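I opened this notebook to record what I looked up in the structure, one topic at a time.

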Amino acid sequence: MNIFKAILDAFANPIFYSLTLSAATPLLFASLGGLFSEKTGVTNIALEGIMLLGAFSGIVGTALFGSPWIGIILAMMVGVSAAALHAWASINFQADQIVSATAIILLAQGLTGFLLEPIFGKPGSTDIYNKIPKIELKFLGKGSFLYNMIGSLSPFVYLALILVVVSWFIIYKTKLGLRIRAVGENPEAADTLGVSVYGIRWFGVLMSGLLASLGGAYLSVGELGQFTENMTNGKGFIALAAMILGNWTPKGALFACLLFGAADAMNEQLQSNPSLAISSSVKPLFNLIPFVITLIVVAGFVGKTRSPAADGEPYEKKG
Amino acid sequence: MRRMIKKKWMRIAIPIISIIISLLIASIIIIWIGEGSFADRIDFLVEAYTELIKGAFGNKTAVMNTIIKMTPLILTGLAVGFGFRAGVFNIGAEGQMAMGALTATIFAVNAASLPSFIAIPLTMIVGMLAGAVWAGIAGFLKAKTGAHEVITTIMLNWIAYNITNWAVTGPFNAGGGIPKSPEIASSAKLPNLLTSQASFMSFGILIAITAAVVMYIILYKTSMGYEVKTVGFNPFAAEYGGINVSKNIILTMAISGALAGLAGTLEAIGLYHRFYGTLSSGKGFDGISIALIGQNNPFGILAASLLIGALRTGSNQMQFAGVPKHIVMIIQSIIIFLVAAERMVMTIMGWNKKKGAK
């Protein structure tokens, strides 16, 4: 029964909540990115690759210009460029979107591994550089429960939460959002009404590059201060799972990312609980929980998710 | 149909042109990272490619290493290619390979009492079954609930990754630094076809080539192959024509998974003689590239596996010339990007001018 006590202990520990938030943040960026792309009808499983590029170029920018903020800008530029490749192939040339995205993932792994040595002088990982400073809410009282919970978080965390609202607003409350949804559900009808299907899809895919690269940059310049080879380690795929589990809505993505983040944080807490002596071999069993949940939900056993009707379908301009 | 009607020669020409373009881009990158005058950089480029070719084919050991790399790639390429033919995208070869390897290894570790001629085929069957079941889950979900196989196989990949990881660090751990399973019984080890100095090469390659031939026969000479291709070409027409589409989807996924499971099994019983949790290192994903480059044709897949296997092997030697081996991933990504966006290649070559007529 030790384990139940340990779980309760974790819930009572403020660190659990801050760990949850910081684990959910990179997922949230990428999930929202994937959402923009898929809402317009272009699947983007390349989130993993774009995050990796974002993480890498974030550190490159920091190393070259001495400021992690410039790192973030570089990361966004690189992320958007990678997404542009995906958009170009899959929108203009009607390439298979899954294959084109697979190519981007491979390209990201190849490029980051390839450039690591010429730029940083050694393979595997970079040195440690400046990070984006955390936002300290001193008025909460250093050491208080609330302070330990939310008093010292990266600005990325706040940005991700704000972006949930912004995304919701764009997709459901603006003219652009109406067009996005129209193109994702029925591109023929949208085209007939004079909406530029290609233009809207380009916008969606580029947004996915922008947001996913921010998620990646958070991992390097926001959290760790360095880049290590393949440091995203599947986070792009978890983000994809979160987007699906959240039923292709920003709010859903938020809850799914928090759930996955909490699973991660609980894992950390249970591992480090001295009274439990859980061996690290159990860690993978916790890590598979998000994927099992998503699989069950996708299969329709619990709840029902629905993707945009034209998701994954290339569209050929008429005339 | 959204796919443009291609002439037969284009099916061969597009991958070849994509390969050439990707090598050109790689050459530019290598020249760019080189140092000194332009002539020095050209020398550097020539040296890099010479090392690449030497590393892949330069001597007996190099050729053996290329064949060893090629073996699982043939099988994952066939796995993905067979799926494509039936209209399902099996992106889960990675997970099926790992589950196949894990299950086969568990069986093979305990197979000491069986003679080789029983232990080896049985181990292979066990590994194929594990892969088939793992992929079959995705097939079943697609057929029964409509869950998209790309999503489910991605989830199954990560579940498999964590299960195998747990197995080799926990209950099935042989101790020592690197997580690994105990060694398999010697009766379950695949005999060697060739040896050279300290290295060896098992019969695995012959099994992989046989699988390619069998797939060719199934696809082109049997009614089952005809059904699979019909479902892939147009599921509605297939249903109308009396083909059980659900059954076909599940069966296709299972066969695809069995091929991937066999890839993992051969690695375990032919090469490592045990299972290292993170076995695949992208071979399942490479299957996608290989199926595309080989245009889903079993013999095309053999050729594509040779190409990727040689690049991967040769790149280790190219590192000594000062070019990081990751260049191969860049080359590979450009190839599949171009093959996927074949219209891009057709535009570059000016082949689709008549497209307007449609």
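The entries below go from confidence to the chains, their contact, and selected helices and residues.

**Confidence.** I noted at the outset that this is a predicted model. I read its overall scores as ipTM 0.88 and pTM 0.90. For chain B I found a mean pLDDT of 90, with 95% of its residues at 70 or more. I then looked up the extremes within chain B: confidence is lowest in H14(B), at a mean of 82, and highest in helix H4 (residues 93-109) of chain B, at 96.

**Chain A overall.** I counted 14 helices and two strands in the secondary structure of chain A. I took the extent of its C-alpha trace along the principal axes as about 70 × 50 × 40 Å. I compared the radius of gyration of chain A, 20 Å, with the value near 20 Å for a compact globule of 319 residues, and the two agree. I also recorded that 52% of the 319 residues of chain A count as buried. Among the contacts in chain A with a separation of 6 or more, 77% join residues 24 or more positions apart.

**Contact between the chains.** I asked how many residues each chain brings to the contact. Chain A gives 37 residues and chain B gives 36 residues. On the side of chain B that touches chain A, at least two residues each come from helix H5 (116-145), helix H6 (149-169), helix H11 (283-293), helix H13 (327-340) and helix H14 (342-349) of chain B. H6(B) gives the most to this side, with twelve residues. By class, I listed 25 nonpolar, nine polar and two charged residues on the side of chain B that touches chain A.

**Nonpolar cores.** I found that the largest nonpolar core has 215 residues, and that A:Ala242 and B:Leu259 have the most contacts inside it. Setting aside residues up to four places away in sequence, I saw that B:Leu259 touches B:Leu75, B:Leu78, B:Ala79, B:Phe82 and B:Ala211. Another core, of seven residues, lies apart from the largest one; among its members are A:Ile180, A:Ala182, A:Val197 and A:Ile200.

**Helix H10 of chain B.** This helix covers residues 245-272, 28 residues in total. I took its reach from first C-alpha to last as 39 Å, close to the 40 Å expected at 1.5 Å a residue. Is H10(B) largely enclosed or not, and why? I found 23 of its 28 residues buried, so H10(B) is largely enclosed by the rest of the structure. After H10(B) comes B:His273, with a positive phi near 60°.

**Helix H11 of chain B.** I checked burial here as well: eleven of the eleven residues of H11(B) are buried. Among them are B:Lys283 and B:Asp286, together with B:Phe285, B:Ile288 and B:Leu292. Just after H11(B), I noted a positive phi of about 50° at B:Gln295.

**A:Ala83.** I located A:Ala83 in helix H4 (residues 68-92) of chain A. Buried or exposed? A:Ala83 counts as buried because it has 32 C-beta neighbours inside 10 Å. Leaving aside neighbours within four places in sequence, I recorded contacts of A:Ala83 with A:Ile50, A:Val205, A:Leu206, A:Ser208 and A:Gly209. I last looked up its separation from A:Phe4: A:Ala83 and A:Phe4 are 79 residues apart in sequence and 44 Å apart in space, C-alpha to C-alpha.

Terms used
Residues are numbered from 1 along each chain as its sequence is written. Chains are lettered from A and ligands numbered from 1 in the order in which they are written. This is a predicted model: local features need pLDDT of at least 70, side-chain atom pairs count only at pLDDT 80 or more; totals for chains, interfaces and linings use all residues. Two residues are in contact if their C-beta atoms, placed from the backbone, lie within 7 Å. Helices (H or I, at least four residues) and strands (E, at least two) are DSSP runs, numbered from the N terminus. Ala, Val, Leu, Ile, Met, Phe, Trp, Tyr, Cys and Pro count as nonpolar, Asp, Glu, Lys and Arg as charged, and the others, Gly among them, as polar. The expected span of a helix is 1.5 Å times one less than its number of residues. A residue is buried if 20 or more other C-beta atoms lie within 10 Å of its own, exposed if 12 or fewer, and partly exposed in between; C-beta atoms are placed from the backbone. pLDDT is the predictor's confidence in each residue, from 0 to 100. The radius of gyration is taken over C-alpha atoms; the globule rule is 2.2 Å times the number of residues to the power 0.38. A nonpolar core is a set of buried Ala, Val, Leu, Ile, Met, Phe, Trp, Tyr and Cys residues joined through C-beta atoms within 7 Å.
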